[in-house]
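Got the viewer open? Here is a short tour, one selection at a time.

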Amino acid sequence: SSGFSRANPYYMLPQGRVVQVAAMNSREILALLIDISGVGLYEKKREESLKILEDSQRKKVKVDEILGNINSKLTELEEECEELKEYQ
């Protein structure tokens with residue numbers, strides 16, 4: 001955690017942290033801003049959601065294949081049923 005209070009809408013630096021932030025390089029400052037803004041949490045949730053979406057799409061493809069097999073088998077059985085009715 002960055003040490004900032006989300007309850008404070010102004011995100012003031014805690015005492016002693018000013019010098020630490022001033023000494024940071026640009027990459028560290030960017031990481032701090034991402035942490036403060038909540039973008040990191042958003043990105044994490046987005047990645048999790050994308051994984052769930054990919055899993056769902058894979059499962060849908062599998063279900064569609066199974067449904068296709070069932071429908072073709074059903075068609076065959078209906079044709080066989082019609083043939084059997086002719087012999088009765």
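Start with the salt bridges: this predicted model holds two of them. Select Asp55 and Arg58 to see one. Their closest N and O atoms sit 3.0 Å apart. Both residues belong to helix H3, three residues apart, or about one turn of the helix. Now switch on the surface and compare the partners. Asp55 is partly exposed, at 34% relative accessibility. Arg58, with a relative accessible area of 53%, is exposed, because the cut-off for that class is over 50%.

Next, select Lys60 and Asp64. Here the side chains meet in a salt bridge with an N to O distance of 2.8 Å. These two are four residues apart in helix H3, so about one helical turn separates Lys60 from Asp64. Asp64 counts as partly exposed, its relative accessible area being 39%.

Stay on helix H3 and go to the glutamates. Which residues form the negative surface patch? Pick Glu76, Glu78, Glu79, Glu80, Glu82, Glu83 and Glu86, and you have it. Click on Glu76 for a closer look: this residue lies in helix H3 and is partly exposed, with a relative accessible area of 46%. That value makes Glu76 eligible for the patch, because membership calls for over 30% relative accessible area and no salt bridge.

Now for something without charge. Select Leu30, Ile34, Val39 and Tyr42, which make a nonpolar surface patch of about 360 Å². Which elements give two or more residues to this patch? They are helix H2, covering 26–37, and helix H3, covering 39–87. Zoom in on Val39, which has its place in helix H3. Is Val39 buried or partly exposed? Partly exposed: its relative accessible area is 35%. Since patch residues need over 30%, Val39 passes that cut-off.

For a contrast, pick Leu32, found in helix H2. Leu32 is buried at 10% relative accessibility, because anything under 20% falls in that class. While you are there, draw a C-alpha to C-alpha distance from Leu32 to Val21. The two are 11 residues apart in sequence and 8.9 Å apart in space.

Time to zoom out and show everything as a cartoon. You should find three helices and zero strands, running α-α-α from the N terminus on. How much of the protein is buried? Buried residues make up 9% of its 88 residues. Turn the full surface back on, and the accessible area comes to about 8,100 Å². Carbon and sulfur atoms account for 58% of that surface.

One last stop: colour by pLDDT. The protein averages 86, and 84% of the residues score at least 70. Among the elements, helix H1, made of residues 17–22, has the lowest mean pLDDT, at 80. Helix H3 has the highest, at 95. Keep the colouring on as you explore the rest. Where pLDDT is low, the predicted coordinates should not be read in detail.

Methods. Residues are numbered from 1 along each chain as its sequence is written. Side-chain values use heavy atoms; hydrogens and water are left out. Patches are made of residues with over 30% relative accessible area and no salt bridge: like charges are joined within 9 Å, nonpolar side chains (Val, Leu, Ile, Met, Phe, Trp, Tyr) within 5 Å. Accessible areas come from the Shrake-Rupley method with a 1.4 Å probe; for residues, only the protein chains shown count as cover. A salt bridge is a side-chain nitrogen of Lys or Arg within 4 Å of a carboxyl oxygen of Asp or Glu. Buried means under 20% relative accessible area, exposed over 50%, partly exposed in between (1.4 Å probe, protein chains only). Lys and Arg count as positive and Asp and Glu as negative; His and the chain ends are not counted. The place of a charge is taken as NZ of Lys, CZ of Arg, CG of Asp or CD of Glu. pLDDT is the predictor's confidence in each residue, from 0 to 100.
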